[in-house]
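Please give a careful account of the fold described below, moving from its overall dimensions to single helices and then to selected residues.

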Amino acid sequence: MADQKKKKLTPVQQEYQQLAQRHEPKRPLVRNFTRAFFVGGFICLIGQGITELFIRYFDFTEKTAGNPTVAVLILLSALLTGLGVYDRIAQWAGAGTSVPVTGFANSITSAAIEHRSEGLVLGVGGNMFKLAGSVIVFGVVAAFIIGLLKTLFTMGG
């Protein structure tokens with residue numbers, strides 16, 4: 001059945017495919033992996049530094065410093081996105097900038113900036129949460145399932 005759906009290429013199309021593959025530039029995978037690794041690690045290092053600041057100067061515990069650290073990382077990411085800096089870093093570093101919190105904040109802020117001309121409610125609000133909606137739903141459903149499993153395991157043993 002899958003073979004029937006697959007379109008057969010003519011000899012000219014096959015020749016073009018081979019020509020295109022020969023002239024396609026090679027991707028610098030090692031360079032891309034290295035950049036992503038170090039930039040992602042640097043973002044995490046900044047997060048750890050912020051956590052240490054909250055612990056040392058604001059009397060947070062290791063347990064309670066996590067939430068304000070995430071908030072600061074989101075704020076910094078949104079600010080850098082608004083200034084156009086985050087996108088330039090992302091072009092250079094690739095996947096390294098998609099560290100969950102900062103990458104998510106970047107995508108939300110980018111959508112808000114892109115659709116601001118359509119108004120605050122329908123433009124910014126409506127389009128900003130197209131991406132966020134699925135992430136939020138997944139988070140809520142996952143939290144519910146984990147909570148349910150924890151309850152079942154604690155009741156059983």
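The report below treats the overall form, then the helices, then three residues.

This is a predicted model, in which local features need pLDDT of at least 70 and side-chain atom pairs count only at pLDDT 80 or more, while totals for chains, interfaces and linings use all residues. Residues are numbered from 1 along each chain as its sequence is written, and side-chain values use heavy atoms, with hydrogens and water left out.

**Overall form**

The protein contains seven helices and zero strands, where helices (H or I, at least four residues) and strands (E, at least two) are DSSP runs numbered from the N terminus. Its order along the sequence is accordingly written α-α-α-α-α-α-α. The radius of gyration is 23 Å, whereas a compact globule of 157 residues would have a value near 15 Å; the radius is taken over C-alpha atoms, and the globule rule is 2.2 Å times the number of residues to the power 0.38. Along the principal axes, the C-alpha atoms fill a box of roughly 70 × 45 × 40 Å.

Of the 157 residues, 21% count as buried, a term that means under 20% relative accessible area, with exposed meaning over 50% and partly exposed lying in between (1.4 Å probe, protein chains only). The accessible surface comes to about 12400 Å², and 68% of it belongs to carbon and sulfur atoms; such areas come from the Shrake-Rupley method with a 1.4 Å probe, and for residues only the protein chains shown count as cover. Among contacts (heavy atoms within 4.5 Å) between residues at least 6 apart in sequence, 52% join residues at least 24 apart.

**Helices and annotated spans**

Helix α2 (residues 11–23) has 13 residues and an expected span of 18 Å, with which the 19 Å between its end C-alpha atoms agrees; the expectation is 1.5 Å times one less than the number of residues. None of the residues of α2 is buried, so this helix lies largely in the open.

Helix α7 (residues 120–156) bends by about 50° at Lys130, the bend being the angle between axes fitted to the seven residues ending there and the seven starting there. The buried residues of α7 are Gly123, Val124, Asn127, Met128 and Ala132, and these pack against α6 (100–114).

According to an unreviewed UniProt entry, the feature "transmembrane region" is placed at residues 36–58, 70–86 and 133–153; UniProt positions are given in the numbering used here, feature names are shortened, and annotations may be inferred rather than shown by experiment. Two of these spans are set out in the table.

| Span | Distance between end C-alpha atoms | Helix | Strand |
|---|---|---|---|
| Residues 70–86 | 17 Å | 88% | 0% |
| Residues 133–153 | 30 Å | 100% | 0% |

**Selected residues**

Ser77 lies in helix α4 and is buried, with a relative accessible area of 2%. Leaving aside neighbours within four places in sequence, Ser77 is in contact with Tyr86, Thr102, Ala105 and Asn106.

Gly123, in helix α7, counts as buried at 0% relative accessibility. Not counting residues up to four places away in sequence, Gly123 touches His115, Glu118 and Met128, and its C-alpha atom is 9.2 Å from that of Ile113, ten residues away in sequence.

Asp59 is placed in the loop between α3 (29–57) and α4 (66–82), and at 72% relative accessibility Asp59 counts as exposed. The phi of Asp59 is near 55°, a positive value in a residue other than glycine. Most residues other than glycine have a negative phi.
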